[in-house]
Amino acid sequence: MANRTLSNSRHLKRTNSGHVEPAVKAEQARRFRFRDALMALGPGLITGASDDDPSGIGTYSQAGAQFGYGIGWTMLLTFPLMAAIQEISARVGRVTGHGISGNACRHYSAWLLHVVVTLLFIANTINIAADLGAMADATKLLIGGHSITYVLLFGVTSVAAQIFLDYKRYVAVLKWLTLSLFAYVAALAFAKVSWGEALAGILFPRVDWSFDYFTTIVAILGTTISPYLFFWQASQEAEDQRVDKTKRPLIEKHYGARREFSRIRADTIVGMSFSNLIALSIIVTAAATLHAAGKTDIKSSAEAAEALRPIAGAFAEAIFALGIVGTGLLAIPVLAGATAYAVGEGRRWPVGLARKPKEAAAFYAVLALSAGIGIALNFTPINPISALYWSAVINGVLAVPVMVLLMFMARRRDVMGRFVVKGPVYWLGWLSTGAMLLSVVAMGVGFFV
């Protein structure tokens, strides 16, 4: 009997109310599983991670190489701004069951939508081309071969996966690809970081009143707050709602709205925190290695990886290059997908990665066309760095009207019903819009002066 009692005590626990539960269940409830936590996150994580695409990595590397630790404070500035505008995008998608284009075509003039979607198509396609070029150059650094072969391989693979993979499986693949960004945290281990200077650069802005300095700030803002991210997150919230048969747009089914908004906020904050952490890691790594060695003229992410070899060793170069490939595999589907959602919703076509190719042929055709042109641009004499610059210009200019449109949309009762966006997140959204407007004005002044 004593042995039986002892055995039972190992498997049972008594609560304060006297109820006896299996201790094994309690132990399982307490056990944290990283895989489950990752799968619980949604569009916010993928959106945030895709923001650190190869072209973004080039921007952050250049910033750190040129200005050292002193540019790190920009990440504290961009985090609340991008988190607010992305949360508003997600709310619009979840409340209405439509993305930004889907709502714009129902509530605004057609010409406005056409201009916005056309500019988005151009900017995203150029960005795809630049990202594919960076991925190819990084792979060539790792294993040799011909860059153009890798452009074809990565481009075709990304498109085929979006078209033919099951939606839930595909989203799971994208979530696992976010782990590739930890390469830039690992790269810090090979950099001799002056943590005191790095912390000072993050917490205490040191402004250099030069044209190059403000151009870099504009580039960072344009890289972190990009229009394709707004379209993607809003459309993915609408897509997740369409896939889940138990859900309806919140404007139709009010029950559970508070829980959904809490989920969106948590998902977005995690995604944007992750994005900014990785961006900061890249800036600090470049500052501790390239800037410290006097190499301040980095032009691309692949060049940054190559420049690390003589300074931090071949392993650091390999980690950096692998991160470029991983982030590109994550970002290209988001860029092409955001374009397809924007065009398809604006035309009121059947859209969604959860649909079979025959059910949404036009949607998938736009996706393939954008990626296909991006692949083709790598066969032309167009300089990818110049293309990336003009892509950033278009993105910066496009971001302002899209953000203004989004802010008005989020406040309209005929769009959002009782769930109009208000409070601190609403005003942060306008602050983000104002910051982008100032950056575009500064970019324009710098261009013409």
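**Close-up views of a predicted model**

**View 1. Helices α5 and α17 lie oblique to each other in this predicted model.** Two packed helices are described by the angle between their axes and the distance between the axes. Here the axes of helix α5, which spans residues 54-67, and helix α17, which spans residues 314-346, cross at roughly 140° and come within 8 Å. Because angles over 145 degrees would count as roughly antiparallel and those from 65 to 115 as roughly perpendicular, the crossing of α5 and α17 is classed as oblique.

**View 2. The contact between α5 and α17 involves residues from both helices.** On the α5 side the contact is made by P54, I57 and S61, while α17 contributes F320, I324, T327 and G328. Sorted by character, the residues of this contact of α5 with α17 comprise 4 nonpolar and 3 polar ones, with no charged residue among them.

**View 3. A salt bridge joins E87 and R91 in helix α6.** The side chains of E87 and R91 meet with a nitrogen-to-oxygen distance of 3.1 Å. E87 and R91 are 4 residues apart in helix α6, which means that about one helical turn separates them. A search of the whole structure finds 11 salt bridges.

**View 4. L76, L199, L203 and F204 make a nonpolar patch on the surface.** The patch formed by these four residues has an area of about 430 Å². One of its members, L76, lies in helix α6, which covers residues 74-96.

Definitions and conventions: Residues are numbered from 1 along each chain as its sequence is written. This is a predicted model: local features need pLDDT of at least 70, side-chain atom pairs count only at pLDDT 80 or more; totals for chains, interfaces and linings use all residues. Side-chain values use heavy atoms; hydrogens and water are left out. Patches are made of residues with over 30% relative accessible area and no salt bridge: like charges are joined within 9 Å, nonpolar side chains (Val, Leu, Ile, Met, Phe, Trp, Tyr) within 5 Å. Accessible areas come from the Shrake-Rupley method with a 1.4 Å probe; for residues, only the protein chains shown count as cover. Helices (H or I, at least four residues) and strands (E, at least two) are DSSP runs, numbered from the N terminus. Axes are lines fitted to C-alpha atoms, for helices over the stretch in contact, and angles run from 0 to 180 degrees between N-to-C directions. Angles under 35 degrees count as roughly parallel, over 145 as roughly antiparallel, 65 to 115 as roughly perpendicular and the rest as oblique. Contact means heavy atoms within 4.5 Å. Ala, Val, Leu, Ile, Met, Phe, Trp, Tyr, Cys and Pro count as nonpolar, Asp, Glu, Lys and Arg as charged, and the others, Gly among them, as polar.
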